[in-house]
Amino acid sequence: MRSRLSSEDVQLAEEYLEQFYHLKLSGGSRRKRHTPAMEEKLKEMQQFFGLGDSGLLDPQTLAIMKQARCGIPDVENVSLYPGQPRWKNRTITYRIAKYTSDLTRKEVETAFRLAFKLWSDAAPLKFVRANHGEADIVITFTRKAHGDFFPFDGPKGVLAHAFEPGEDIGGDVHFDDDELWTVGRRQSGYDLFTVAAHELGHSLGLSHSKDPSALMFPKYKFLNSVKYKLSEDDILGIQTLYGKPTKTDDKLLISKKCDPNFSLDAVAVVGEEILFFKNSYLWLRTTWKSYWNKLREGPISKFLPSIISPVDAAYDLPAKGATYIFTGPKYWVVQTLGTKGYYGSIYDYGFPVSLRKIDAAVHINKYNKTYFFTGYEYYRCCSSLQRI
Ligand SMILES: [Zn+2]
Ligand SMILES: [Zn+2]
């Protein structure tokens with residue numbers, strides 16, 4: 001298969017590995033198909049894209065190299081980005097300094113507003129557009145050499161690049177204006193929202209992900225700006241840098257409890273009361289028939305003094321008269337309201353340490369089994385925990 005490689009293919013592979021995997025070639029080693037350094041970098045690239053690690057420039061590897069992508073390397077350049085740069089302020093300003101002529105100004109502004117919203121929905125960040133003057137993130141459409149040592153390559157190939165948070169050029173995003181920029185899926189061209197959403201991830205401090213379903217995967221794949229939501233991997237990345245979004249105001253939440261879209265975090269029985277959890281708030285309804293319509297409410301900490309965070313899941317074991325309440329990797333065992341239950345770690349159950357929280361839990365008396373739901377999987381308990 002290698003015999004079919006043209007010298008252009010080898011040159012393309014060399015340039016690709018130089019640009020995105022920091023391959024260093026001396027003058028003499030150019031255009032040789034096999035150097036140990038190139039094989040090493042090929043393996044690295046193949047592993048990143050889940051292509052095995054043959055170290056050979058096979059057609060599959062070459063096909064990936066020819067696809068449109070982000071201009072940021074896939075391996076960390078420690079000398080460029082030491083530590084984990086992130087913005088210190090939670091309100092971040094941006095300015096579109098130079099527009100593309102492919103789209104109207106309004107189309108460009110909408111694409112960026114939606115792209116920023118993805119990230120502000122997932123973390124406690126606020127983005128404000130400035131029309132002139134200084135801004136943290138400066139967005140420019142430009143072509144070829146444009147003053148930052150990372151010249152663009154004309155149509156296709158690299159579509160855009162961005163700088164990690166910092167002063168001056170830090171956080172800025174450059175789009176290759178030799179591309180055709182579009183809104184929505186078109187026969188040719190690239191959707192601005194899709195590329196902007198990815199590049200802004202870099203502007204906020206994220207590097208490339210190996211997870212092909214992540215927005216931070218370096219390859220271009222059209223995303224619908226109306227429906228698209230960040231993947232778990234992207235959410236985990238942005239929350240590692242900035243934390244979780246600020247909790248909805250409980251007063252506002254309570255006023256919306258009759259909204260048809262309202263959802264609860266968890267429900268469980270403690271003693272004679274049914275508990276309905278939402279954020280740091282709780283509703284109680286007694287199981288005594290004569291009091292059936294009496295709904296009480298208040299912050300969770302008022303009824304369960306040890307629990308201050310929102311509840312992820314809860315279940316009760318009537319035989320033991322005990323209720324198990326989960327928040328993140330911790331759980332509490334409560335027998336009566338108003339007392340401080342004791343708590344342990346979900347890993348005591350035997351959950352893998354990669355698991356950070358339980359989504360839902362239920363105990364089925366008939367089978368005397370407890371079921372835990374996490375993402376697309378569920379576990380059955382006990383005597384020993386079984387992953388299903
Ligand atoms: Zn990128
Ligand atoms: Zn640039």
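In the predicted model, helix α4 (residues 105-122) packs against helix α5 at an angle of about 45°, and the two axes lie 8 Å apart. At this angle α4 is oblique to α5, and the crossing is right-handed. On the α4 side the contact is formed by Val108, Ala111, Phe112, Leu114, Ala115, Phe116, Leu118 and Trp119, and on the α5 side by Leu192, Phe193, Ala196, Ala197 and Leu200. Residues three or four places apart in an α-helix point the same way, because the helix has 3.6 residues a turn.

Helix α5 spans residues 192-203, and its 12 residues reach 16 Å from the first C-alpha to the last, close to the 16 Å expected at 1.5 Å a residue. The helix is mostly covered, with 12 of its 12 residues buried. The buried set includes the contact residues Leu192, Phe193, Ala196, Ala197 and Leu200. Also buried in α5 are Thr194, Val195, His198, Glu199, Gly201, His202 and Ser203. Glycine 205 follows the helix and has a positive phi, near 115°. Besides its packing with α4, α5 lies across strands β3, β4 and β5 and runs at about 25° to β4.

These three strands belong to an open sheet of five strands, in which the order is β2-β1-β3-β5-β4 and the pairing is mixed. The edges are formed by β2 (126-129) and β4 (160-162), each of which pairs on one side only. From one strand to the next the twist averages 20°. Within this sheet, β3 (residues 137-142) and β5 (residues 173-176) run parallel and are joined by four bridges. Isoleucine 139 has valine 173 of β5 as its bridge partner.

Lysine 156 is located in the loop between β3 and β4. Its phi is near 65°, a positive value in a residue other than glycine. Lysine 156 counts as partly exposed because 15 other C-beta atoms lie within 10 Å, a number between the limits of 12 or fewer for exposed and 20 or more for buried residues. A comparable backbone feature is present in another loop. Histidine 22, in the loop between α1 (7-21) and α2 (36-48), is not a glycine but has a positive phi of about 55°. Histidine 22 is also partly exposed, with 15 other C-beta atoms within 10 Å. Most residues other than glycine have a negative phi.

Arginine 186 lies in the loop between β6 (181-182) and β7 (190-191). With 12 C-beta neighbours inside 10 Å, arginine 186 counts as exposed. Its C-alpha atom is separated by 9.7 Å from that of phenylalanine 222, although the two residues are 36 residues apart along the chain.

A further open sheet is formed by four strands in the order β8-β9-β10-β11, with antiparallel pairing. The edge positions are held by β8 and β11 (295-299); each has a single partner strand, so one side of each is left without a neighbour in the sheet. The twist in this sheet averages 25° from one strand to the next.

The edge strand β8 (residues 266-270) has a covered face made up of Ala266, Ala268 and Val270, whereas Val267 and Val269 form an uncovered face. β8 runs antiparallel to β9 (residues 273-278), and five bridges join the two. Valine 267, on the uncovered face of β8, stands opposite phenylalanine 276 in β9. The hairpin of β8 and β9 has two residues between the strands, and glycine 271 takes a positive phi near 60° there. On from this hairpin, β9 pairs with β10 (residues 281-286) in the antiparallel sense over six bridges. Glutamate 273 has threonine 286 of β10 as its bridge partner.

Over the whole protein, the secondary structure comes to eight helices and 19 strands. Of its 388 residues, 30% count as buried. Among contacts between residues at least 6 apart in sequence, 56% join residues at least 24 apart.

Notes. Residues are numbered from 1 along each chain as its sequence is written. Chains are lettered from A and ligands numbered from 1 in the order in which they are written. This is a predicted model: local features need pLDDT of at least 70, side-chain atom pairs count only at pLDDT 80 or more; totals for chains, interfaces and linings use all residues. Two strands pair if DSSP finds at least two bridges between them. Two residues are in contact if their C-beta atoms, placed from the backbone, lie within 7 Å. The expected span of a helix is 1.5 Å times one less than its number of residues. Axes are lines fitted to C-alpha atoms, for helices over the stretch in contact, and angles run from 0 to 180 degrees between N-to-C directions. Angles under 35 degrees count as roughly parallel, over 145 as roughly antiparallel, 65 to 115 as roughly perpendicular and the rest as oblique. A crossing is left-handed if the near helix is turned anticlockwise from the far one by less than a right angle, and right-handed if clockwise.
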